[in-house]
Amino acid sequence: AAQRFWQTAKIRLLDLVAPARPGMRVADAGCGSGVIANHLAATAREVLGFDSNPAAIHYAATAYSRPNLRFVLGPFERMVDEGPFDQVVCLEVIEHLYLEQARDVLAQFARAAAPGATLFVTTPNQRSAWPIIEWLLDRSGLVPTLDEAQHLTLFSRALLRDCCERAGWRCRRG
C-alpha cells in the first residue's frame with residue numbers, strides 16, 4: 001500500500017510538472033519495477049527504463065509489454081549509448097549514491113540528453129519532514145532500513161540545484 005501510494009503521488013507530480021509528450025524519447029533512470037516507465041510509454045514515442053538491478057529489469061520486462069517500451073540492464077553510462085533523450089526522469093534514485101557519484105550521474109544524464117531536453121529528478125529533501133518520516137519508518141520495521149544503509153546522500157534544494165547546474169542542467173524549479 002505504501003509503495004502504491006508513493007508511485008501514484010510521483011506519477012501525479014510528473015504529469016503535472018513534466019509530462020511525457022507524443023514524439024518524445026524518454027529515459028527512466030533507475031526504473032526499478034517499471035511502473036513509471038510504463039506510465040510514460042502511454043504517451044511518449046519511446047521509453048527506455050534503465051536499472052542496474054537484474055531482478056528489477058526482469059520484473060519490469062515481464063510485467064510491462066509495449067512496443068515503445070524497453071528495459072536496459074546496466075549502469076547509467078548505457079544511457080549515453082542509447083541516447084539522445086528528450087527527457088530524463090530520475091525518481092528517488094540519487095539519494096542512494098554518494099555525492100560524487102550523484103554528480104557524475106547527473107553529468108551522464110546531460111551527455112545522454114538531446115539539445116533542449118528536460119530532467120525531472122526527485123529526492124527526499126533533508127530540510128523537510130522526510131528525516132523524521134525516515135526515522136519512524138526505520139523503527140517500524142515495515143521497510144528496509146533507510147538511514148545510512150540506503151540513503152547515502154541527503155539533498156537540500158540548494159545542494160540538488162548546485163549538482164544539477166554543475167552537470168550542465170538549468171533549473172526551473174526547486
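A contact here means that heavy atoms lie within 4.5 Å of each other. Among the contacts in the chain with a separation of 6 or more, 65% are between residues 24 or more positions apart.

The model is predicted, and local features need pLDDT of at least 70, side-chain atom pairs count only at pLDDT 80 or more, and totals for chains, interfaces and linings use all residues. Residues are numbered from 1 along each chain as its sequence is written, and side-chain values use heavy atoms, with hydrogens and water left out.

**Overall make-up**

The chain contains seven helices and five strands. Helices (H or I, at least four residues) and strands (E, at least two) are DSSP runs, numbered from the N terminus. Read from the N terminus on, their order is α-β-α-β-α-β-α-β-α-β-α-α. Of the 174 residues in the chain, 44% are buried. Buried stands for under 20% relative accessible area and exposed for over 50%, with partly exposed in between (1.4 Å probe, protein chains only). The accessible surface of the chain is about 9,600 Å², and carbon and sulfur atoms contribute 55% of that surface. These areas come from the Shrake-Rupley method with a 1.4 Å probe; for residues, only the protein chains shown count as cover.

**Strand β1 and its partner β2**

Strand β1 is mostly covered, with five of its five residues buried. In a regular strand, side chains alternate between the two faces of the sheet. Both faces of β1 are covered: Arg25, Ala27 and Ala29 are buried on one side, and Val26 and Asp28 are buried on the other. Strand β1 pairs with β2 in the parallel sense over five bridges; two strands count as paired if DSSP finds at least two bridges between them. Asp28 has Gly49 as its bridge partner in β2.

A salt bridge also links these two strands: the side chains of Glu46 and Arg25 meet at 2.7 Å, N to O. Glu46 lies in strand β2 and Arg25 in strand β1 (residues 25–29), so the pair ties together parts that are 21 residues apart in sequence. Arg25 is buried, with a relative accessible area of 11%, whereas Glu46 is partly exposed at 21% relative accessibility.

**Salt bridges elsewhere**

The structure holds seven salt bridges, each defined as a side-chain nitrogen of Lys or Arg within 4 Å of a carboxyl oxygen of Asp or Glu. Three of them are listed with their N to O distances.

| Salt bridge | Distance, N to O |
|---|---|
| Glu46 and Arg25 | 2.7 Å |
| Glu82 and Arg70 | 2.9 Å |
| Glu165 and Arg161 | 3.5 Å |

Glu82 lies in helix α4 (residues 77–82) and Arg70 in strand β3, so their salt bridge ties together parts that are 12 residues apart in sequence. Glu82 is buried, with a relative accessible area of 19%, and Arg70 is partly exposed at 35%.

Glu165 and Arg161 are four residues apart in helix α7 (residues 157–166), which means that about one helical turn separates them. Glu165 is partly exposed, with a relative accessible area of 40%. Arg161 is also partly exposed, at 30% relative accessibility. In addition, Arg70, Arg78 and Glu82 are joined into one network by salt bridges that share partners.

**Helix α3**

Helix α3 spans residues 54–63, and Ala56, Ile57 and Ala60 are buried in it. These residues cover an arc of only 95° around the axis, which puts them on the same side of α3. The arc is taken from the directions from the helix axis to the C-beta atoms. Cover for the buried residues of α3 includes β2 (46–51) and β3 (69–73). On the face of α3 turned away from its buried side are the exposed residues Pro54, Ala55, His58 and Thr62. At the start of α3, a side-chain oxygen of Asn53 comes to within 2.8 Å of the backbone nitrogen of Ala55.

**Thr122 in strand β5**

Thr122 belongs to strand β5 (residues 113–122) and is buried at 9% relative accessibility. The side chain of Thr122 makes a polar contact with the side chain of Glu92 at 2.8 Å. A polar contact is a pair of N or O atoms within 3.5 Å; within protein, one must be able to donate a hydrogen and the other to accept it, and residues adjacent in sequence count only if both atoms are side-chain atoms. Not counting residues up to four places away in sequence, Thr122 touches Lys10, Leu13, Cys90, Leu91, Glu92, Val93 and Glu95.
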